[in-house]
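Q: I am new to this structure and would like to learn how to read it, one feature at a time. Please give me the general idea first and then the case at hand.

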Amino acid sequence: MLGAREEAFAVIRRAIHTHLPYMLLSLGVYIVCFAFGAVIFSQKLTIHPTSMAFWTTLGHNLMVGAILMVGGWLTLGMANTLYLGYNAAMLGAIVRGVATGYGMQPLMTGVFPHAIPEIIGHILFCTLGYETWRFLQIVKKRARGEEEMLYIRDILFLLVLAVALLIISAWLESTVSHV
């Protein structure tokens, strides 16, 4: 019998291992669409500095996460992929537009402090959006006589991690990020 610590590490390793292809797909979509948004947009954007309240920001980020996850469940991964790509392209356009008009300083103080945990959280939610597809692949393997397990703990771990990252991001956005 494994101890609690060993069990936790086993869940983390298994969750990463079984979801890695979907994480990499989500990351690839994000990078390509971010670059696309940054390349096609070359106009200066006018910035309107605003202070975002923690609960408003968290609610918005969790809504985006829910759309990524549930949308993926309902469409076998199509809606979450498109929505993540759209968000990445919009961020790419914003980064390019602000950098063109104001330089990197507003991005360094207003976007980047909270962007990393928010982006990773949304990539994890997108990854969880592929669970219906992953479940069908497991059923297909079992029908061929292959042994494949679906671990709910792994899914819950990724969900809790994604929510925690969005909480951190909302806190950073409401307290640290400023233009």
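A: We begin with burial: a residue is called buried when its relative accessible area is under 20%, exposed when it is over 50%, and partly exposed in between, using a 1.4 Å probe and the protein chains only. Glu146, for instance, has a relative accessibility of 36%, and therefore counts as partly exposed. Before going on, note that this is a predicted model, in which local features need pLDDT of at least 70 and side-chain atom pairs count only at pLDDT 80 or more, while totals for chains, interfaces and linings use all residues. Residues are numbered from 1 along each chain as its sequence is written, and side-chain values use heavy atoms, with hydrogens and water left out.

Q: What share of the 179 residues of the protein counts as buried?

A: By that reckoning 37% of the 179 residues are buried. The accessible surface of the protein, computed with the Shrake-Rupley method and a 1.4 Å probe, where for residues only the protein chains shown count as cover, is about 10,400 Å², and carbon and sulfur atoms hold 73% of this surface. Taken along the principal axes, a box of roughly 60 × 35 × 20 Å is filled by the C-alpha atoms.

Q: How many helices and strands does the protein have?

A: Helices (H or I, at least four residues) and strands (E, at least two) are DSSP runs, numbered from the N terminus. Here there are seven helices and zero strands, so that the order of elements from the N terminus reads α-α-α-α-α-α-α. A contact means heavy atoms within 4.5 Å, and among the contacts with a separation of 6 or more, 85% join residues that are 24 or more positions apart.

Q: At what angle do H1 and helix H7 pack?

A: Axes are lines fitted to C-alpha atoms, for helices over the stretch in contact, and the angles between N-to-C directions run from 0 to 180 degrees. Helix H7 (residues 152–175) and H1 have axes 9 Å apart and pack at an angle of about 80 degrees, which makes H1 roughly perpendicular to H7. Angles under 35 degrees count as roughly parallel, over 145 as roughly antiparallel, 65 to 115 as roughly perpendicular, and the rest as oblique. The residues in contact include Glu7, Arg14 and Met23 from H1, together with Arg153, Asp154 and Phe157 from H7.

Q: How many salt bridges does a search of the whole structure find?

A: Side chains of opposite charge can pair when their charged atoms come close. A salt bridge is counted when a side-chain nitrogen of Lys or Arg lies within 4 Å of a carboxyl oxygen of Asp or Glu, and the search finds five of them. In one of the five, the closest N and O atoms of Arg153 and Glu7 are 2.6 Å apart, and this pair links distant parts of the chain, with Arg153 in helix H7 and Glu7 in helix H1, 146 residues apart. Arg153 is exposed at 52% relative accessibility, whereas Glu7 is partly exposed at 27%.

Q: Which residue does the side chain of Arg14 meet in a salt bridge?

A: Arg14 meets Asp154, at 2.9 Å from N to O, and here too distant parts of the chain are linked, since Arg14 belongs to helix H1 and Asp154 to helix H7, 140 residues apart. Arg14 is partly exposed, with 21% relative accessibility, while Asp154 has a relative accessible area of 1% and is therefore buried. Glu146, met at the start, also has a salt bridge, with Arg144, the closest N and O atoms being 3.1 Å apart.

Q: Is Arg134 buried or exposed?

A: Arg134, which is found in helix H6 (residues 131–143), has a relative accessibility of 6% and so counts as buried. Leaving out residues up to four places away in sequence, Arg134 touches Thr18, His19, Tyr22, Leu150 and Ile155.

Q: Which residues form a nonpolar patch on the surface?

A: Patches are made of residues with over 30% relative accessible area and no salt bridge, like charges being joined within 9 Å and nonpolar side chains (Val, Leu, Ile, Met, Phe, Trp, Tyr) within 5 Å. The nonpolar patch consists of Ile16, Leu20, Leu24, Leu27 and Ile31, with about 430 Å² of accessible area together. Of these, Leu27 lies in helix H1 (residues 4–40) and is partly exposed, at 37% relative accessibility.

Q: What is the phi of Leu76?

A: Most residues other than glycine have a negative phi. Leu76 has a positive value, near 55 degrees, and sits in the loop between helix H2 (54–75) and helix H3 (78–102). With a relative accessible area of 38%, Leu76 is partly exposed.
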